Structures are given as structure tokens and as C-alpha cells.
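Me: Hey, could you walk me through this one, a question at a time?
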Amino acid sequence: MSNIDYEYHADECDCGKDCTFTKEGVATIRADGRDTGKGPLHYKTLNCAIRKAIASDIRTIIIEEVMGQRYIGATASGTDLRIVVHGTPGNSLGAFLNGPTIEVLGNAQDMTGNTMNSGKIIIHGNAWDVTGLSARGGTIMIKGSSGYRVGIHMKEFGKTRPSLVIGGTVKDYLGEYMAGGTILVLGLRSHVDSPVGHNIGAGMHGGRIYVRGKVTSRQLGPGAIISPVTEEDSAELTSLIEEFEGYFGEPVGRDYSNFVKIHPSSSRPFSGYYDKTNI
Amino acid sequence: MSEKTDRPKRMETRLPEKFMPTINYNTCVQCKRCVNECSFQAIDVRDNKVVPKGGCVACGRCIAVCPTSAIEIRPLPSQFPPHGNWTERMRRGIYAQANSGGVLLSSCGTDEPYDVIFEDILLDAAQVTNPSIDPLREPVETRTYLGGRPGRIEVCEGEHMKLCGGEGPIIEMDMPIMLGHVSLGSVSYNTQKALFMAAKELNIIAGSGEGGLHEDFYVYADHICSEVASGRFGVNASYLKNTAAVEIKVGQGAKPGLGGHLPGEKVTKLISETRMIPLGTDALSPYPHHDIYSIEDLQQLISVLKEATEYGRPVGVKIAAVHNVGAIASGIVRAGADFITIDGFKGGTGSAPRVIRDNAGLPIEVAIAVVDKRLTDEGLRNRVTIAAGGGIRCSADMIKAIALGADIAMVSTAAMIAMGCRVCQQCHRGLCPWGIATQREDLMARLDPEQAAARVVRLFRAWNEELREVIGGMGIDSVESLVGNRDRLRYMGPNPKIAEVMGLKTVGEGWG
Ligand code: SF4
Ligand code: SF4
């Protein structure tokens, strides 16, 4: 027999005890639920409280003592909205984000910025696997490192172009299937030979990956190639690096001779792959 | 991703023609309409006379436009020495691949002559002991719901009585039919518009496919189930809100385990805007979702979609019917899905490698029965809606699918045929002469959305009437009472083991 306990309520933050404190247009939510006497907030409760704050026209939301609650800020909209997270948010932080800025004073978990549309996610620690999956706009800045499958299938469209900057290192499968956007790996504080793993850019057919440090062709997946950084690239690099330095105060330097660029060999990787003969 | 090599083409084998448009010059008035209408350029003009040129696929467009019925398409006899094992198809495939080195591509569901289990199943009818119902004088209800079923309902008393547990978002439809997912990109704007219009008129749901949703179609939002596939094309906040239900596409019956490649030439301005991808690049759907490597991961995507829609939409998961489908479906329900869509291996596609289309998956008849049984055994069946398709061709198939355990029959190819599709299996070439599977403006214009929608509406109204007739004849007054009612089916096929797996009695066995 099933032992699933189904909870259908979305209005769980109607528990009667307020976990949100509003002062001068700033809402503060304590995710450990200390003031509700009910223990840490369930992610549904926390997200419901966030949605309520947004609906009541609050433009700054500070969430304290976050302890792994997932999906914070999913589909949040509005470029003037700011969500500050103290602690450790759970998976899919800022999924489908549409304009706001989310700043995390701690580490983020998996799938940060999943299918993000626009806005900014700034992580003052590390962000683990699958960061920026399918992002089509906005910026993700990570001071520390990120894990496996980062930036898979990022894509650009019209004027929106996603950027993902990682201060430290990343593991394997970076930028697979990438269809647009920019990934920058800075390799700061790293002692390894190369700040990126293997199978980079497999199936890549758009976008670009810049790496500060060594990358050999053996690290690349099929469809990706390495080139030196050009004049045109350095303008984009400078602006991303300036933004990074602005958030984290960590100097990167402007010597692009030790950067490499990884980009697709074709925007049509599958042309010629299929046979359409009417057998 | 193949490397392009310029091989010398000296040894290329030319494959013999399969069809020949044959023109009767006694009646032909040389209007040249067929020449202009044939998007495959299989008819030419020579010495001011229309002549066949080769490349005919028997799409039948020329026959439809010829004012004097002067054209007949003849299937040509095999030009190969007969052989029972090395069939003509095998040999043609080998010649083609030896020429190109490519992966053979096709479209529509598999055309291999596999057994149809639906045809091995007979329906029951009421006689004497349980009276049949005449739908003309008594109600036979076909209303159907899509969404999570309340495991329990609690009514709690406060100032007013209210439901305090068990209610979730659920969609009411007038008949147990869902128009399957066909994406803008694989079909034309007009085709998708016609499908949405028909869904609205019939008060049922139509799938958006994985290509995003054009803003023009937001007006049909209440009748659209939008798809979140591995490419996440067009998936953003407004896409998730302008929809009646959200479906995570894990698999498709025609190509289980595979993603999709919409070739760059089909990524026109309209497609690029709707999918939110650059113009003219290949649109690749990765094979897996790279945020789903386990049931736990799937649970998270379901949960984030529920958060994203503020618990206002049912969230489902679509899978291809594969051999372990029962256990997978169980995991999907446990992960919190409100509905499961199962797509059988005969399901259609706008483009799929032949090798997978023709060889992988599970017949939908078996998949429905095993999923229904597994979920029932585990006490989960009452929590979800099951939609099933991939090989449902007529109302009888639909009725049998429901009696085997599906709540909703998912149908696409039949709707396309209603619009004019001849199942010529050329969709992947983007030249559909009927204006269905194409992005070419001139071809697209051949399909009038209003008329096409009206045809689809008439077809499914007729199916629904047939459904009412048949279940009334069984003495059942509501389609919901037919769901999973396998006792009203009997197996008459060659393989009793199949009957056993499906939980069907064989012909001649009574009740109880
Ligand atoms: S219109 Fe269709 S049927 Fe007629 S010749 Fe062209 S391909 Fe053949
Ligand atoms: S949609 Fe068009 S191309 Fe595809 S099978 Fe039907 S008639 Fe042929």
C-alpha cells in the first residue's frame, strides 16, 4: 500500500503565525521558523511566503537561516525585485527566474538558475551540479566553484544572452549541447592543471566558453573546438570580469593571453548525419 | 555528428522508384496544376506536356487537384529479385546507407506490419441479465477529468463547511480524448492552430508539443497541455501560466530513449521566436533531461513546476512505453505526478531514426494494462489520470484502451488524417504537400485552420457518439466505469501469454 502523505495545500503559509516581518518595504523571512514555533519552514511554506511578499509590492526580500529549502524564487518576475538568501538554499534556486536579482550569502546546491529567463543570481560560495541548465538569459555569478554538467544547453535568443561566470573550477560535461550564451571559468584559487573537466561542449552548436588556464583538445567533447581569444572576445571578457570583481571584490587581472575560447565547429552539427531516402 | 567528407559518388546506387503518377492524356487538359502542387517535384513539363519525373511518394496531392481526374498513382512492382529474408526494404536501406553513410530517417509511426493487439480483443455487450442502455433515452456520461485524483477528501467544519484535504487542480473535459503533442516546428502554425481550435470546440485538451507556445495561442490556454521537454524550448514563466496542464516529456513512443533534432532549415523566424532559439541552427533536444537522472530528480522537476504554477495546474509526465513501464509509472506517481501519459511504440513523429521507430518500445495495449495493474496493486491507481496513445486509430481502439486501464485516449495521427494527411511518411522533409508538416509559407497556406478544425471536431464527435453507443450497449452509463474494466474484454489472438500479461480472459471464458 501507498504510504504517501499527499499535501495539496498551497496556502500553507496561512498558518496564522507570521514568518514574514515587513519594515520600510523590506520583508524578512526566517526560514528556520523560529518565530512560528513550528520548526524550519517547508519549502512550500517558504515559497508561499515569498510569493505573498512579492504580491504585496515588497521589492526587497531577505530570507534568513535558509536550510536547504528548494525552488526559492521559482518564476519570480520583475527587474526591481531583490531576494537575499542567508544560509544554504536547496536545489533549483531561481528556476524560470524572470528579472529579479537573487544573492546567496553561502553555497547553492544543484540546478541553480534552471531554465532561467532573465535576472541575476549571485552566489558568494560554491554552486554544485547542473548550474544554469537551459538558461536563455540573465547572469549567474559564482565566486567559488561549480560541479558537473554545468551550463548544459544554454541558449541565446534575440538580444537575450545568458552568462555564467565561475570563479573557481568546474568538473566534467561543461556546456554540453550549448546553443548560445557565454560561460567563463576563471580558475581562481585553483592548483589543478586545468580548471575544467572532460567532455566540454559535446554537441555544442552555439555560444562560447572562456577558460582562464590550460585546456587540451582531449578535454573537449565532439562538436567543440579551441581557439585563442580575439579582440572582440576580450571586450565581453572585460565586462564580465568587471562585474565579477564588483560583486566579490576579488581581482582577476586583464591578461587574456592565458585564456582560451571553446566554441562550436558548426551551428548545424547534425546536417549530413541523416539519410532521408524513401526506402 | 558526422564529419563531412567529399566521397566520390561514382558507385552510388540509384534506387528504383516506388510510385508512379500515371497521366491519362485522353482526359488531361494540361492545366499544369499537379506540377505546381507537387512539393516533391515529381511531375515535370516537357514539350508543354506534364510527365512524371521520379520521386513520387504517393501523397495524393495531384489526384486531389486534378480537375479531370486524369492522374492515378500506381505502386510499382518490386524491381528486386524476390527473397523472403532480404526483403526489398532491407536492400533499399543498405543501398541508401552505402551511398550516404547516414542514419536512416523517417516519420509517422512505424509502417512495419506488426500485429495490432487491439484487433485481437473483443468487447462485451449486455444481454438479458444486465440491461443495455440506449444513449438516446438515458444519459451515458463521457465527461472525463485530467489531473491528480484525490486520494481522500476531508470535509472539515468551521464557520462554513469546507474541503480541507484532497482537492487539487483538475481539468474537466467533455470526452476521454486528448489531442497528442505535436510541436510547432514539426507542424505548421496553421496545423497547430487548427488542433487548438478543435480542442476548444470539443472541450478537450491538446498537447503543445515541445516547441514552446506561440503568443497567438495563449487564447486557447484553457485547452492546452504544455510540454516541458529536455530542450526546454520556450519554457518560461508565461508559458507555464498560459496553459491548463504541464507535462514533462521524458519520452516519445516513436523514439523511446531519444531526443529530437529539428533541422536548421525548419528553424524559421516564427519557430526561432517560439522556441526562443537562434534562427537557422539545429534545435537539439538532449536525449535525457540533464536535471533528471533518477526518480528523485524527476520528483524535483515535478515539484518546481508545481511551485512555478502555484499549484494551479496538474503536472504530468509523458513516457514512451518500454518494457519496464509498470515500475517506471509507479515511480512517477510516487514522485508526485498528477497524470501519466504513455506513448506506445506505434506513435507518430515528425522525424525519427527508422531503427528506433521500427524496433524499440512496447505496444500501447500491453503498456496500458500493465501500468493499470501495477498501480492498482500498489494502491496508487486512484491518485492519477492515465492518458495513453500511440496507435489509437478509431473509436474501437479508444474504447479498448479505456477498458484496458486508460482514462484518456491520446490521439494525433487520426487528427492529422482528418486534416488531409496521407501518412506518406515524409514529414521530416518539411515539404508536406497538405500544409501540415511544413514551414514553407506557400505550402502552409494550403491548410485552412477553420476547415481543418471543423473536420477534427466532426471526427471526434463521431467517435464520442460511437463510444456512447458501445458502452451503453455494455450496460455502462459512464465512461469512468469502463476504465480498467478488463472483465468486459476477451482476447482472441494467437498468444495466450499476452492475454495473461494483460490480465485478459480469453474468448469463451465467462464472468467470475
Ligand atoms: S503531388 Fe504527390 S502524388 Fe502527385 S506526383 Fe507529386 S508526390 Fe506524387
Ligand atoms: S503530415 Fe504531410 S508529409 Fe507528413 S505524412 Fe502526412 S501528408 Fe505526409
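Me: Which residue stands opposite Ile319(B) in β18(B)?
Reply: Strands here are DSSP runs of E, at least two residues long, while helices are runs of H or I with at least four, all numbered from the N terminus. Two strands pair if DSSP finds at least two bridges between them. Strands β17 and β18 of chain B pair in the parallel sense over five bridges. Across from Ile319(B), in β18(B), you find Ile342(B).

Me: Before we go on, where do these values come from?
Reply: This is a predicted model: local features need pLDDT of at least 70, side-chain atom pairs count only at pLDDT 80 or more, and totals for chains, interfaces and linings use all residues. Residues are numbered from 1 along each chain as its sequence is written, chains are lettered from A and ligands numbered from 1 in the order in which they are written, and side-chain values use heavy atoms, leaving out hydrogens and water.

Me: How many strands close into the barrel of chain B, and what is the average twist from one strand to the next?
Reply: The barrel runs in the order β11-β12-β13-β14-β17-β18-β20-β21 (chain B), with parallel pairing. That makes eight strands, and the twist from one to the next averages 30°.

Me: Is Thr309(B) buried or exposed?
Reply: Thr309(B) sits in the loop between α7 and β17 of chain B. Leaving aside residues up to four places away in sequence, Thr309(B) touches Leu240(B) and Val246(B), where contact means heavy atoms within 4.5 Å. Buried means under 20% relative accessible area, exposed over 50% and partly exposed in between, using a 1.4 Å probe and protein chains only. At 6%, Thr309(B) is therefore buried.

Me: Why is helix α8 of chain B largely enclosed by the rest of the structure?
Reply: The cover over the buried residues of α8(B) includes α7, β17, β18 and α10 of chain B. Among those buried residues are Val325(B), Ala329(B) and Ile332(B). Helix α8(B) is largely enclosed because, of its 10 residues, the number buried is seven.

Me: How many residues in the shell around ligand 2 are charged?
Reply: The residues around it include Cys108(B), Arg422(B), Gln425(B) and Trp434(B), with "near" meaning that a heavy atom lies within 4 Å. Ala, Val, Leu, Ile, Met, Phe, Trp, Tyr, Cys and Pro count as nonpolar, Asp, Glu, Lys and Arg as charged, and the others, Gly among them, as polar. The shell has nine nonpolar residues and two polar ones, and the charged count is one.

Note on methods:
Axes fitted to C-alpha atoms, helices over the stretch in contact; angles between N-to-C directions.
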